[in-house]
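Please look over the sequence and the model before reading on. The report then takes up a few of the parts in turn.

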Amino acid sequence: MNPSLSRFLFLVFSAFSSLASSSGDQDYLLLHRPLFANRHVAGGGDVDPENLWFLCASWRFAGEANNLAPWAIVPLECGGYVGEYMTGKAYVFDLEITAREAAAFARSVPLADDGKDAWVFDVDETMLSNLPYYADHGFGLELFNGQEFNKWVEKGVAPAINSSLKLYMEVLDLGFKIFLLTGRSEAQRAITVYNLNSAGFQDWEKLILSISHRGTGDARKSAMLYKSEKRSEMVADGYRIHGNSGDQWSDLLGSNTGNRSFKLPNPMYYIP
């Protein structure tokens, strides 16, 4: 291994370990750019393209495994890698294998006859794809701009994630009650329903949206707390959550997560 790369890895993992040990239970530092792939931390030495590809692949894997500290923007050096992944076959294959595993689990669940067996789906990057929007915003290289994203949402043209649509239809046909739990605002209900219907999603039990946009009301809570509370309400109403599908760990952690959770790939952004 060349000295520049060795120095890069040592400093990155030293900084990452120090951050993890001092963060506390929930008091995480939201990094402007993740330390993991910022080669300038290493003192200015460049990493050759082949090793940079592997480092970016490792960064993506660490994110999917929930091993990274909270982050706000894709590492600058990994923008091209993330764009290629999101528009290539690997992303599609990762989505499909996740959907197949979820479907196999759904088929294995013996449903009761009381109509209380439930499956929870997130919406964005789980059912609907916002790739057209993120393609115009560097696949996560830009800080999230809520106003710009809301303009995209209001168009109501986000396409279905095909593997998720197939899973959704199978789960519905099996007899599960489907709950859609999203951080989108209640003010976006009409356009969200329109977009979901246009993309092929219908007949859900309930669409749950936050009371207001991020920054006030429900949106002041972390996504994990907000979604935990909403799932707890489902359970209080007598529903049994068997499956839970989402692209963020905050969709899948917390309380009343269900018997099985299924993490869809998304290296473009992180929602705590």
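What follows describes a predicted model, beginning with the sheet and moving on to the helices and one chosen residue.

## The sheet

In this predicted model, 5 strands form an open sheet, and their order across it is β3-β2-β1-β4-β5, with parallel pairing. The edges are taken by β3 (206-210) and β5 (260-263), each of which has a single partner strand, so one side of each is left without a neighbour in the sheet. On average, and with direction ignored, neighbouring strands of this sheet are turned by 20 degrees against each other.

## Strands β2 and β3

Strand β2 (residues 177-185) runs parallel to β3, and 4 bridges join the two. Among the residues of β2 and β3 that are matched in this way, Leu 180 has Leu 207 as its bridge partner in β3, while Leu 181 has Ile 208 as its bridge partner in β3. Although β3 stands at an edge of the sheet, this strand is mostly covered, with 4 of its 5 residues buried. Between the two strands the chain passes through α8, going from β2 to β3 in a β-α-β crossover that is right-handed.

## Helices on the sheet

Helix α4 lies across β1 (117-121), β4 (240-246) and β5, and the direction in which α4 runs makes about 165 degrees with β5. Helix α7 (residues 162-174) also packs on the sheet, where α7 touches β1, β2 and β4, and its direction makes about 140 degrees with that of β2.

## Helix α3 and its neighbours

Helix α3 (residues 79-87) has as its buried residues Gly 79, Tyr 81, Val 82, Gly 83, Tyr 85 and Met 86. These buried residues of α3 pack against α2 (49-64), α4 (89-108) and α5 (131-135), and α4 is also a helix that lies across strands of the sheet, namely β1, β4 and β5.

## Asn 195 in helix α8

Asn 195 is found in helix α8 (residues 189-199), the helix through which the chain crosses from β2 to β3. Its relative accessibility is 2%, and Asn 195 therefore counts as buried, since buried means under 20% relative accessible area.

Leaving aside residues up to four places away in sequence, Asn 195 touches Leu 128, Gly 156, Val 157 and Ala 158. With Ala 158 there is also a pair of atoms to look at, for a polar atom of the side chain of Asn 195 lies 2.8 Å from the backbone oxygen of Ala 158.

Notes: Residues numbered from 1 in each chain as written. Predicted model: local features only at pLDDT ≥ 70, side-chain atom pairs only at ≥ 80, totals over all residues. Heavy atoms only, no water. Buried < 20%, exposed > 50% of the residue type's maximum accessible area, 1.4 Å probe, protein only. Contact = heavy atoms within 4.5 Å. Polar contact = N/O pair within 3.5 Å; in protein donor to acceptor, adjacent residues only side chain to side chain. Pairing = 2+ DSSP bridges. Axes fitted to C-alpha atoms, helices over the stretch in contact; angles between N-to-C directions. Right-handed = clockwise from strand over helix to strand, strands pointing away.
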